[in-house]
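The following exercises concern the pockets of a protein model. Please work through each task before reading its solution.

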Amino acid sequence: MREFIISTDSTNDLPETYLKENNIAVHPLYYIIDDKEYIPGVEDMPVKEFYRALKEGKMPTTSASNPINIIAKFQQEINEGHDILHLSFSSGLSSSYNNARMCAEKLMEEEPGSKIIVIDTLSGTVGQGILLMKAVEMKKAGKTIDEIAKWLNMHKQHVIHEFTVSDLNHLFRGGRLSRASALVGTMLNIQPILHMDDEGKLAAIGKVRGRKKALHTLVDNIEIKTDVSNLKQVFISHGDCIEDAQYVAEKVKQKYGVEDIIIQDICPTIGAHTAQGAVVVAYMGNSR
């Protein structure tokens, strides 16, 4: 049986130290500000600087993982005798999954005996990170590439991501909210509650008035989506609003007794669409 490596897209929002310690190959999703292209992990912008640019009115654009880069990374691992398990950013939000899948098919035709399995995680940010950490855990436990892929495909829709954003105008500019809704929502201090649906797309599931109410809703919804007696770990990512993320973490600890809470920045590629003030709560649950 050939050795295999695990790779993923740069939208996983796990600590750089974790990725390096576990030899995770990362495929960058690019973002562009003021006609300058940034490549996560290669030529990146500090997160604080990125969100400062958004607050100053910059409107970054993003692009999926580049097939040329995907082919190069896959080929390198094949040349070193490795099979590949690749966990892609949700196909509902990016063409990165399809790019990786097509590259994998091409290389397996050219390299008989090699195996590349591409998983559409239907997830992003720390939700994608949850699946990546599970894959690493299973690999360390001696599971095969096929066993891990089967588990991921069976359980990926049990990864819950619910979030709120503070910048309704940014959602409007990104085409996810009408101008009228953004205007009225801003005037009335309406905060949307959104989630990643079964197709890996963003969908609104509610709205409340006021930031604190929105943060409390994210916490309260946990007991609706999962058996809290089995809740051991919660992931929180945020768009340059660490105080809000820490507030949510404290409420989760108080309400559910969960001590294992990981807080991470939302990467610029995702932050380009959610803007400053987004808070994401992710965990394994019953259904989305």
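## Exercises on two pockets

**Exercise 1.** Determine which element gives the largest share of the lining of the second largest pocket.

*Solution.* The model is a predicted one. Step one: the largest share of this lining, five residues, is supplied by α5. Step two: place that share within the whole, since the second largest pocket is lined by 17 residues. Nearest its centre lie I130, K134, K232, Q233 and M284. Step three: list the elements that give two or more residues to this lining, namely α5 (125–140), β11 (233–238) and β13 (279–284).

**Exercise 2.** State the volume of the second largest pocket and the classes of its lining residues.

*Solution.* Step one: the second largest pocket holds about 390 Å³ of space. Step two: its lining divides into eight nonpolar, five polar and four charged residues.

**Exercise 3.** Describe the largest pocket by its volume, its lining residues and the elements that supply them.

*Solution.* Step one: the volume of the largest pocket is about 590 Å³. Step two: 27 residues line the largest pocket, and S10, E16, L19, V26 and G41 are those nearest its centre. Step three: at least two lining residues come from each of α1 (16–21), β2 (25–27), β12 (260–265) and α12 (268–274). Step four: α1 provides the largest share of this lining, with three residues.

**Exercise 4.** How many residues of each class line the largest pocket?

*Solution.* Sorting the lining of the largest pocket by class gives 15 nonpolar residues, six polar residues and six charged residues.

Note on methods. Residues numbered from 1 in each chain as written. Predicted model: local features only at pLDDT ≥ 70, side-chain atom pairs only at ≥ 80, totals over all residues. Heavy atoms only, no water. 1 Å grid on protein atoms, 1.4 Å probe; cavity = no way out; pocket = protein on both sides within 12 Å on 5 of 7 lines; lining within 4 Å. Points joined across faces, edges and corners; volume = space filled by probe spheres on them. Helix = DSSP H or I, 4+ residues; strand = E, 2+ residues; numbered from the N terminus. Nonpolar A, V, L, I, M, F, W, Y, C, P; charged D, E, K, R; others polar.
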